[in-house]
Amino acid sequence: MIKPDYPIRTRRLTLRPFTLDDHAALHSWQSRPDVVRYLYGEARTPEETSERLARGMAVTWPEKEGDHLALAVEKDGEVIGETVLKYLNEAHRQGEIGYTFHPDHHGNGYATEAAAAMIELGFANLGLHRIVASCDAFNEPSWRVMERLGMRREAHFKHNEIFKGAWGEELIYAILEDEWPGMADTPWGPVGG
Ligand SMILES: CC(C)(COP(=O)(O)OP(=O)(O)OC[C@H]1O[C@@H](n2cnc3c(N)ncnc32)[C@H](O)[C@@H]1OP(=O)(O)O)[C@@H](O)C(=O)NCCC(=O)NCCS
């Protein structure tokens, strides 16, 4: 396990742990109904954003199973989104990625670029063997990110849970360490400290 030096730089983005100063930025998307449409929970109140920020700041590297690393994603000094790497299982070296960006910054490949950096961290720094991502089957922008990253669709669950009052559908994507080409030859890398 190699804890990275922050900030992490991709071609266009800077990723770093959240600080208290990020409340307004985080709240700017977490408070939007269109952003949380396919996420658990409703649009966050400022207090809920504070709780989430505190949880995010508590983990700057996933040292143990169950830790969730959340990084703020900056473009030209502005925080435009967040991306997560969850350490799901130590014995089986399993992890999960996630991402949420402000709608003003959708459609530029930033979520894909930031998520690629999280996959790289998961394999190269955390020593994971398999990384998954999941989303609502109707959240097409999200599963398109997974496909751009080269993740494989492993499952399409139907009615596996009641989501926001109706039967939901969930997609599971995954990538193995030997399926990941690394960042160097992708449009998103390389990753630098
Ligand atoms: C999921 C989410 C992050 C995806 O955002 P996105 O902007 O579609 O994804 P990206 O930042 O990777 O951008 C990809 C789009 O930019 C385009 N693009 C433009 N320049 C690009 C570049 N240099 N590289 C890659 N894609 C580029 C792609 O073609 C793609 O558009 P398309 O889907 O119409 O083909 C966003 O919809 C979101 O924040 N949703 C709310 C929260 C949420 O649901 N999160 C996921 C929970 S599972």
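**Close-up 1. The end of helix α5.** G150 comes after α5, and its phi is positive, near 85 degrees. The model shown here, as in every view, is predicted. Within α5, four residues are buried: S142, W143, V145 and M146. Seen down the helix axis, these buried residues of α5 fall within an arc of 145 degrees, so they line one face of the helix. What do the buried residues of α5 pack against? Their partners are the helix α4 and the strands β5, β6, β7 (152-163) and β8 (166-176).

**Close-up 2. Polar atoms around the ligand.** Three residues are picked out here. G107 offers a polar backbone atom, 2.6 Å from an oxygen atom of the ligand. T112 uses its side chain: an N or O atom there is 2.5 Å from a ligand oxygen. R144 also brings a side-chain N or O atom, at 2.9 Å from an oxygen atom of the ligand. How much of the ligand does the protein cover? On its own, the ligand has 940 Å² of accessible area, and the protein covers 72% of it.

**Close-up 3. The shell around the ligand.** The shell counts 21 residues. G107, A111, T112, N139 and R144 are the closest of them. Which elements give two or more residues to this shell? They are β5 (94-101), α4 (110-125), β6 (130-136) and α5 (140-148). Helix α5 supplies the largest share, 5 residues. Sorted by class, the shell has 9 nonpolar, 9 polar and 3 charged residues.

**Close-up 4. H105, in the loop between β5 and α4.** The loop that holds H105 runs between β5 and α4. Is H105 buried or exposed? Its relative accessible area is 18%, under the 20% limit, so H105 counts as buried. Neighbours within four places in sequence are set aside for the contacts. H105 then touches E78, I80 and Y110. D21 gives a sense of scale. It is 84 residues from H105 in sequence, and the C-alpha atoms of the two are 20 Å apart in space.

**Close-up 5. Y40 and its partners.** Y40 sits in the loop between α2 (33-36) and α3 (46-58). Its relative accessibility is 54%, over the 50% limit, so Y40 counts as exposed. Which residues does Y40 touch, beyond those up to four places away in sequence? They are E161 and F163. With E161 there is a polar contact, side chain to side chain, at 2.8 Å. H159 is 119 residues from Y40 in sequence, and 16 Å away in space, C-alpha to C-alpha.

**Close-up 6. The buried residues of helix α1.** Helix α1 covers residues 23-30. Its buried residues are A25, L26, H27, W29 and Q30. What do they pack against? Two helices, α2 and α3, and two strands, β4 (78-89) and β5, take part.

**Close-up 7. A cis peptide bond before β1.** Most residues other than glycine have a negative phi, and most peptide bonds are trans. The bond from Y6 to P7 is cis, and its omega is near 0 degrees. P7 belongs to the segment before β1 (8-9).

**Close-up 8. Positive phi at R93 and K164.** Two loop residues are paired in this view. R93 is not a glycine, yet its phi is positive, about 50 degrees. R93 lies between β4 and β5, in the loop. With a relative accessibility of 35%, R93 counts as partly exposed. Where is K164 found? K164 is in the loop between β7 and β8. Its phi is near 50 degrees, again a positive value in a residue other than glycine. At 38% relative accessibility, K164 counts as partly exposed.

Key:
Residues are numbered from 1 along each chain as its sequence is written. This is a predicted model: local features need pLDDT of at least 70, side-chain atom pairs count only at pLDDT 80 or more; totals for chains, interfaces and linings use all residues. Side-chain values use heavy atoms; hydrogens and water are left out. A residue is near a molecule or strand if one of its heavy atoms lies within 4 Å of it. A polar contact is a pair of N or O atoms within 3.5 Å; within protein, one must be able to donate a hydrogen and the other to accept it, and residues adjacent in sequence count only if both atoms are side-chain atoms. Accessible areas come from the Shrake-Rupley method with a 1.4 Å probe; for residues, only the protein chains shown count as cover. Ala, Val, Leu, Ile, Met, Phe, Trp, Tyr, Cys and Pro count as nonpolar, Asp, Glu, Lys and Arg as charged, and the others, Gly among them, as polar. Buried means under 20% relative accessible area, exposed over 50%, partly exposed in between (1.4 Å probe, protein chains only). The arc is that of the directions from the helix axis to the C-beta atoms. Contact means heavy atoms within 4.5 Å.
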